[in-house]
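Colleague: I would like to learn how to read a model like this one, feature by feature. Could you take me through it?

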Amino acid sequence: MVATVAEVGRESAAPEAGKGWDGDPFNPARKRLSEVLLQITADKSRSEITLNDLMTLLKGRGRAALILLFALPNVLPAPPGLSAVLGLPLLYLCAQMMLGRIPWLPAFIGERGMMFPAFVAVVQRAVPILTRAERMLRPRATWLVAPRSERMLGGLALILAVVVTLPIPLGNMLPAFAICLLALGVLERDGLWAGVGAAVGVAALLLSAAVVYAMLRAALLILLGAFA
């Protein structure tokens, strides 16, 4: 009973300085996210996988791993409708990152899922890219991914996640890519990657704003021309 209470205390305690909710990236025995994803796809007994399943299977990988997993399909070619499935949990998780909260999903989101073969196809496309990125990631400039800085990155990620869910033509790929860079930086305590992700995120927001402005201006000109 004492051990159980201690374990619960560790789960609910605030993150240690420099670690956030993403475990200990300095542990040499810690598996890379790409390895964990490949282990999940090796389970041939599944016909479907829900978001709660992923939350459980990625236990110990932290909130940043889940944000990366939910953002990455918006960068890669993916089955139709996948962004609609993953967009809402992405918003929830980015908001929790901004607030410094433990990741969770409400039941009406967590029970949503996709066919397992489609999930395997996404992972197979993502793992080669993720593996190459993991070779370049290492703990550095950790002050940029300290708990307070991580909350600021979470706020930027939340704004980008909102843009990802908007119906802007070709407007979700760059913001999603920025979210992936931010998540990788936080996941591996790599402040350089987090900083690059923040810069790409700001550029993505400016580009999306320019696209929306151009669309609104074109629509206004069409309406004025119709009533001229």
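Modeller: Gladly. Let us begin with surface patches: a patch is made of residues with over 30% relative accessible area and no salt bridge, and nonpolar side chains are joined within 5 Å. Keep in mind that this is a predicted model.

Colleague: Which residues form a nonpolar patch on the surface?

Modeller: The patch consists of L174, F177 and L207, and together they have about 250 Å² of accessible area. F177 belongs to helix α9, residues 173-187. With a relative accessible area of 37%, F177 is partly exposed, so this residue passes the 30% cut-off for a patch.

Colleague: Thanks. What does the overall fold look like as a list of elements?

Modeller: The protein has ten helices and two strands. Read from the N terminus, the order is α-α-β-α-α-α-α-β-α-α-α-α. Of its 228 residues, 43% count as buried.

Colleague: How many residues of α4 are buried?

Modeller: A general idea helps first: an α-helix has 3.6 residues a turn, so residues three or four places apart point the same way. In this structure, α4 is mostly covered, with nine of its nine residues buried. Among them are R63, L66 and F70.

Colleague: Now for empty space. How do I read pockets and cavities?

Modeller: Rolling a probe the size of a water molecule over the atoms shows where empty space is left. Here, the second largest pocket has a volume of about 200 Å³. It is lined by 13 residues, and those closest to its centre are L72, I129, A133, F177 and L184. Two elements, α7 (116-136) and α9, give two or more residues to that lining. Notice that F177 turns up again: this member of the surface patch is also among the residues closest to the pocket centre.

Colleague: And how many cavities of 30 Å³ or more does the structure hold?

Modeller: There are two of them. The second largest cavity contains about 60 Å³ of space. Its lining includes L33, L37, L68, L69 and V122. At least two lining residues come from each of α2 (33-41), α4 (63-71) and α7, and α7 has the largest share, with four residues. L72 also lines this cavity, and L72 is one of the residues closest to the centre of the second largest pocket.

Colleague: What should I look for in charged side chains?

Modeller: Side chains of opposite charge can pair when their charged atoms come close. The count here comes to six salt bridges. One of them joins E188 and R32, at 3.3 Å from N to O. E188 sits in the loop between α9 and α10 (191-226), and R32 in the loop between α1 (2-12) and α2, so the pair ties together parts that are 156 residues apart in sequence. E188 counts as buried at 6% relative accessibility, whereas R32 counts as partly exposed at 28%.

Colleague: Which residues are linked in a network of salt bridges?

Modeller: D43, R46 and D53 are. R46 pairs with D43 at 3.3 Å between the closest N and O atoms, and with D53 at 3.4 Å. D43 is partly exposed at 29%, as are R46 at 25% and D53 at 24%.

Colleague: One last item: how many disulfides does the structure hold?

Modeller: Zero. As for cysteines, C94 is buried, with a relative accessible area of 0%, and C180 is buried at 4%.

Notes: Residues are numbered from 1 along each chain as its sequence is written. This is a predicted model: local features need pLDDT of at least 70, side-chain atom pairs count only at pLDDT 80 or more; totals for chains, interfaces and linings use all residues. Side-chain values use heavy atoms; hydrogens and water are left out. Patches are made of residues with over 30% relative accessible area and no salt bridge: like charges are joined within 9 Å, nonpolar side chains (Val, Leu, Ile, Met, Phe, Trp, Tyr) within 5 Å. Accessible areas come from the Shrake-Rupley method with a 1.4 Å probe; for residues, only the protein chains shown count as cover. A salt bridge is a side-chain nitrogen of Lys or Arg within 4 Å of a carboxyl oxygen of Asp or Glu. Buried means under 20% relative accessible area, exposed over 50%, partly exposed in between (1.4 Å probe, protein chains only). A disulfide is a pair of cysteine sulfur atoms within 2.5 Å. On a 1 Å grid over the protein atoms alone, a cavity is a set of points where a 1.4 Å probe fits but cannot get out, and a pocket is an open set with protein on both sides within 12 Å along at least five of seven lines; lining residues have an atom within 4 Å of a point. Grid points are joined across faces, edges and corners, and a volume is the space filled by probe spheres set on the points.
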